[in-house]
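The following paragraphs lead the reader through a structure, beginning with the surroundings of its ligand and ending with one helix. Please keep the sequence and the model in view while reading.

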Amino acid sequence: MSEQTSRLAGAAAPGVEANFDGLVGPTHHYGGHSFGNVASTGNAKQLANPREAALQGLAKMKALADLGYRQGVFAPQERPAVWMLRELGYSGSDSEIIAAVGNTQPGYLSAMCSASSMWTANAATVSPSGDTADGRVHFTVANLQNKFHRALEHRQTARTLRAMFPDSSRFAVHEALPMLAALGDEGAANHTRFCRDYAGAGVEFFVYGRQHWGGRHEPSRFPARHTLEASQAVARRHGLTAAGTVFAQQNPAVIDAGVFHNDVISVGNQQVLFTHQDAFWDSASVYAELRAKCGPDFQIIEVPRSAVSVAEAVKSYLFNSQLLAKGDGRQRLVVPEECRNTPAVWAYLQDLLSRNTAIDEVLVFDLKQSMQNGGGPACLRLRVALNEAEIAAVNPALWMNDALYARLTGWVQQHYRDRLGEADLLDPQLVVEVRSALDELTQILQLGSIYPFQRAGSDL
Ligand code: SUG
């Protein structure tokens, strides 16, 4: 057995992959803030339905919990971010500040109201304890510095993660990397982990859009949000080994075609990488390194551009799917409805199921509200591989079950609007509604006083 092969040997007690899905916040709307994300800019200023968005997300969480997966809930952030507007020099009452910004710069207010924290694949990069030097699960909060509305998220994300994973002897939550273009970090959307057993050692696959120092290949139309230097810093912080890491560059041409995160063009789980032919720069070298480090049973299912073009992948979000282990060695693919509505993609999936590959089932979900902002099934979840002791150390109020589903759907029905456009963000009542909803949510999810409006006078 080679060194690499033995690296992936199973741990004594089997682990699980838990998924923590972002609960869509009450200010979900279409702000058009993400240049390079064609769904976001293409749907700017459409009317959104926050209630439907939250219920669609909850329905996915409940369905996966019912299938036996460990499914958790990741709370939304406080928006409008009046606390940030105060930091930026606005003063007066909350409603005066909202009016001052909204009446002069409605796009600015919209950014301050974005519910973008729902895409928890961008919350952090997670290294399970089987991979790290100190045997703890490490999280580095993503700085999301490339987009103004997303750069607001990191401080709350750190607070929320600490309320979700409170035991610092098992979990280490690192603050975001410095907010510099050289260290652009988009979190787990550009990170996949291969393993045989979730509790054992794995190989962490970091995918970056550009190399800040000395890089040669960059997109020309849209920004590459994530740098190699950020991924290397995260790997160092988490205490990962060279044998347990692979760094790969995205193909700049696909970023220019709307692939703003790697999880829009590939997904991996256990010993399977499901990817488009055009996902990586120099894919032959990337595949060779992955095969060498993951061992002989590593499988790559590469979708040829002749079957699915990059444009069809971006439109359908075929690769923004969740690849979920079924326990019998096979995996199921959780895709958005847009895959069924894109003929080449649906035909490809039928063909895939008829072949004898690791993927033998496809589950389809309606996530249209999130999809219209460029967020598919995989964007909505943060994966955390956990062993049995770590599962017991997670805040128990977060696990999805019949009772929590009933409670949260009732909470959404009570507090969320069914239409929200840019003009509605000026409504002073919105901030009151949001805060009363979030106050109740912190009790349901037993998070403590994590939100700025609950923490007057303390560090925000
Ligand atoms: O960062 N959209 C998000 C979508 C994130 C998807 N996440 C993953 N691929 N993992 C983004 O571009 C749009 C918000 C707006 O325009 O209102 C937005 O932020």
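In sorting residues by class, Ala, Val, Leu, Ile, Met, Phe, Trp, Tyr, Cys and Pro count as nonpolar, Asp, Glu, Lys and Arg as charged, and the others, Gly among them, as polar. By these classes, the shell around the ligand holds 6 nonpolar, 13 polar and 3 charged residues. This is a predicted model, in which local features need pLDDT of at least 70 and side-chain atom pairs count only at pLDDT 80 or more, while totals for chains, interfaces and linings use all residues. Residues are numbered from 1 along each chain as its sequence is written, and side-chain values use heavy atoms, with hydrogens and water left out.

The ligand is surrounded by 22 residues (a heavy atom within 4 Å). The closest are His33, Ser34, Ser40, His149 and Asp263. Polar contacts (pairs of N or O atoms within 3.5 Å) add detail. A polar side-chain atom of aspartate 263 is 2.7 Å from a nitrogen atom of the ligand. For histidine 261, the distance from a polar side-chain atom to a ligand nitrogen atom is 2.9 Å, and for an N or O atom in the side chain of asparagine 122 it is 3.0 Å. The ligand taken alone exposes 490 Å² (Shrake-Rupley method, 1.4 Å probe), and the protein buries 100% of that.

Helix H9 spans residues 228-238 (helices are DSSP runs of H or I, at least four residues, numbered from the N terminus; strands are runs of E, at least two). Because 8 of its 11 residues are buried (under 20% relative accessible area, 1.4 Å probe, protein chains only), H9 is largely enclosed by the rest of the structure. Among these buried residues are Leu228, Val234 and His238. The buried residues of H9 pack against strands S3, S4, S5, S7 and S8 (contact: heavy atoms within 4.5 Å). Just after H9, glycine 239 takes a positive phi of about 70°.

Definitions and conventions: Buried means under 20% relative accessible area, exposed over 50%, partly exposed in between (1.4 Å probe, protein chains only). A polar contact is a pair of N or O atoms within 3.5 Å; within protein, one must be able to donate a hydrogen and the other to accept it, and residues adjacent in sequence count only if both atoms are side-chain atoms.
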